[in-house]
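Colleague: I would like to learn how to read a model like this one, feature by feature. Could you walk me through it?

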Amino acid sequence: MEVPTATSLHDIYPEDAIPVEKKRWEKLLSQFKEKYGKQAEFVSRSPGRVNIIGEHIDYSLYEVLPMAVTADFLMAVAVRPSDERPRVRIANVLSDKFPTREFEIPTEGELPIDASEHEWTNYFKSGLRGVSQLLAKKRSKDHFVSVGMDILCDGTVPSGGGLSSSAAFVCTSSLAVLTANGETKVDKKELCELAIVSERSVGVNSGGMDQAASVFSLRGTALYITFKPSLDFTTIDFPHTDPELTFVTAQSFVAADKHVTAPVCYNLRVVECTLAAVFLAKAFGLKRELPEDSSPLGASLRGFHDTYFEEKQGVEDNSKTSVSDFEDQLRELLRLTDDYLPQDEGYSRSDITGLLGISEDELDQRFMSKFPVRADKFMLRQRTLHVFSEALRVITFRKLLSDPPGEGKELIKALGDLMNETQTSCRDVYDCSCPELDELCDLARSAGASGSRLTGAGWGGCSVHLVAKDKVDAVKKKWEEKYYRKKFPDITEEKLQEAVVVSKPGSGSAVFKVT
Ligand code: NG1
Ligand code: MG
């Protein structure tokens, strides 16, 4: 499965986006020539994504169901003369916010990345570092030095907007460096795994959903992404219903800067889910240690789930279980969680070390040293109940899409109900919503949306809504009057356009050869 080489914008964008994208690409390429005095050789692009359902469960290695959006991150690139020392010149079309950066590519040792400062080129550097390691392995060298590059970027994925601007940037960067170094056939899975590891080196201990959605997406379909036994995906077509299913994204404009809040938000949730997994393994008296897996801290609720049923049923590999048995397993785990994780008020470090039989130092070292977190209590019960119930909702959602009940209205209601349940669980159980997101959801439902929820990490950023086509205008109007114009009285028309986007399932990463 290789990253496609596009020869026309029609290979990348839906027809109605072409006029705007054509102007944007012409501007990027003409500014490239102006800035570097030569023509770009190729453009690397990767889109943002909206997560339809399956929130905060990818790092627990449960399946998720996102789709790529039209908004993407572009990099126009030309390779620098090989007789010069390899250096990167990188600039952003929105140059007022992101001034040009130049840095040398070290011919010895690794490219330093200071994850403590939130510098925009860190995402590029993490991609460059990842590619250098990959190509050293592929070309069996102990060290690989990339060629020098002149780069001009342009992104339309709102940063910190919950549509995975960071993953789009890392995927585009890695693809650009691979292409600049002569890789003409880039394997999608390789690119995705490279981007997942690279993004973690920038300081957020993320799962793999965003990069997978950005790389694998095929226009017109949603992605059902699995992380176990390895990263994989299947594409899901949306049934053609009457009224047509429409997904609308709405920005809260509450900046969700994961780097700042990570120790008490995102990275803390990763620690809580990992602790819940090892806690349950002990509480259930599993004989075997949890398997080392690809989750950010090496142990996950999915790993606990599979190990528990392998031991209980004496089977070798629980991932071969049928979908309906898997659903029954999740229901059983929800019931058992009620008994085995009863403390609503959360678990202290000593509650956890007491059960695990380890010291507090070991607890900190093993689970909280890679990415520091700040918490006295770990809400293991709530996070576990959310993860198992959300994993169930994803399976139900997918079954509805592949085998829709009756006619359109019934399907839209059933899908919407699941999305509303996810929002309730994110707000009340996983505690990753915020008042503005809750308000956007309430307003949308009051105007006829059938499903409304935050999308992405939450704590601000973006929301996604399932709306029958004939109700989209009413929902937009309600937000404009009751949310945007109220909270931002001087909001511009352009900003309003950016705030609310009808999202069509878009295509994934691509390289565009500039002839
Ligand atoms: P956002 O914040 O929308 O990019 C983050 C994680 C995902 C996933 C979602 C929650 C990063 C790069 N991505 O998405 O892996 O865990 O939150 O479902 O942090
Ligand atoms: Mg992100």
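**Domains, helices and a ligand**

Modeller: Let us begin with the record: UniProt lists residues 136-216 for "domain: GHMP kinase N-terminal", in an unreviewed entry. UniProt positions are given in the numbering used here, feature names are shortened, and annotations may be inferred rather than shown by experiment. This is a predicted model, in which local features need pLDDT of at least 70 and side-chain atom pairs count only at pLDDT 80 or more, while totals for chains, interfaces and linings use all residues. Residues are numbered from 1 along each chain as its sequence is written, chains are lettered from A and ligands numbered from 1 in the order in which they are written, and side-chain values use heavy atoms, with hydrogens and water left out.

Colleague: What are the helix and strand shares of residues 136-216?

Modeller: Helices (H or I, at least four residues) and strands (E, at least two) are DSSP runs, numbered from the N terminus. Residues 136-216 are 49% helix and 9% strand, with end C-alpha atoms 25 Å apart. UniProt, again in an unreviewed entry, gives residues 31-78 as "domain: Galactokinase N-terminal"; there the chain is 12% helix and 54% strand, and the end C-alpha atoms are 13 Å apart. The annotation "domain: GHMP kinase C-terminal", also from an unreviewed entry, covers residues 412-484. That span is 58% helix and 16% strand, with 26 Å between its end C-alpha atoms.

Colleague: How do I check a helix, and what span should helix 7 have?

Modeller: The expected span is 1.5 Å times one less than the number of residues. Helix 7 (residues 266-283) has 18 residues, so 26 Å is expected, and its end C-alpha atoms are indeed 26 Å apart. Helix 3 (residues 165-180), with 16 residues, should span 22 Å, which agrees with the 22 Å between its end C-alpha atoms.

Colleague: How many residues of helix 7 and helix 3 are buried?

Modeller: Buried means under 20% relative accessible area, exposed over 50%, and partly exposed in between (1.4 Å probe, protein chains only). In helix 7, 16 of 18 residues are buried, and in helix 3, 16 of 16 are. Helix 8 has 10 buried residues out of 13, among them F304, H305 and Y308.

Colleague: Which residues follow helix 7 and helix 3 with a positive phi?

Modeller: Just after helix 7 comes G285, with a phi of about 65 degrees. Helix 3 is followed by G182, whose positive phi is near 90 degrees. Most residues other than glycine have a negative phi, and most peptide bonds are trans. With that in mind, look at S164, a residue other than glycine whose phi is positive, near 65 degrees. S164 lies in the loop between strand 6 (149-155) and helix 3. D431 also has a positive phi, near 55 degrees, and sits in the loop between helix 13 (408-428) and helix 14 (435-446).

Colleague: Are S164 and D431 buried or partly exposed?

Modeller: S164 is buried, at 7% relative accessibility, whereas D431 is partly exposed, at 42%.

Colleague: Where are cis peptide bonds found?

Modeller: One joins K228 and P229, with omega about 0 degrees; P229 lies in the loop between strand 7 (221-226) and strand 8 (232-237). Another joins D242 and P243, with omega about 5 degrees, and P243 is in the loop between strand 8 and strand 9 (245-251).

Colleague: What does the side chain of E390 contact?

Modeller: A polar contact is a pair of N or O atoms within 3.5 Å; within protein, one must be able to donate a hydrogen and the other to accept it, and residues adjacent in sequence count only if both atoms are side-chain atoms. E390, in helix 12 (residues 380-402), is buried at 0% relative accessible area. A polar atom of its side chain lies 2.9 Å from the backbone nitrogen of G54.

Colleague: Which residues come nearest to ligand 1?

Modeller: Near means that a heavy atom of the residue lies within 4 Å. Of the 18 residues around ligand 1, E55, D58, D210, K258 and Y266 come nearest. A polar side-chain atom of D210 is 2.7 Å from a nitrogen atom of ligand 1, and a backbone N or O atom of G207 is 3.2 Å from one of the ligand's oxygen atoms.
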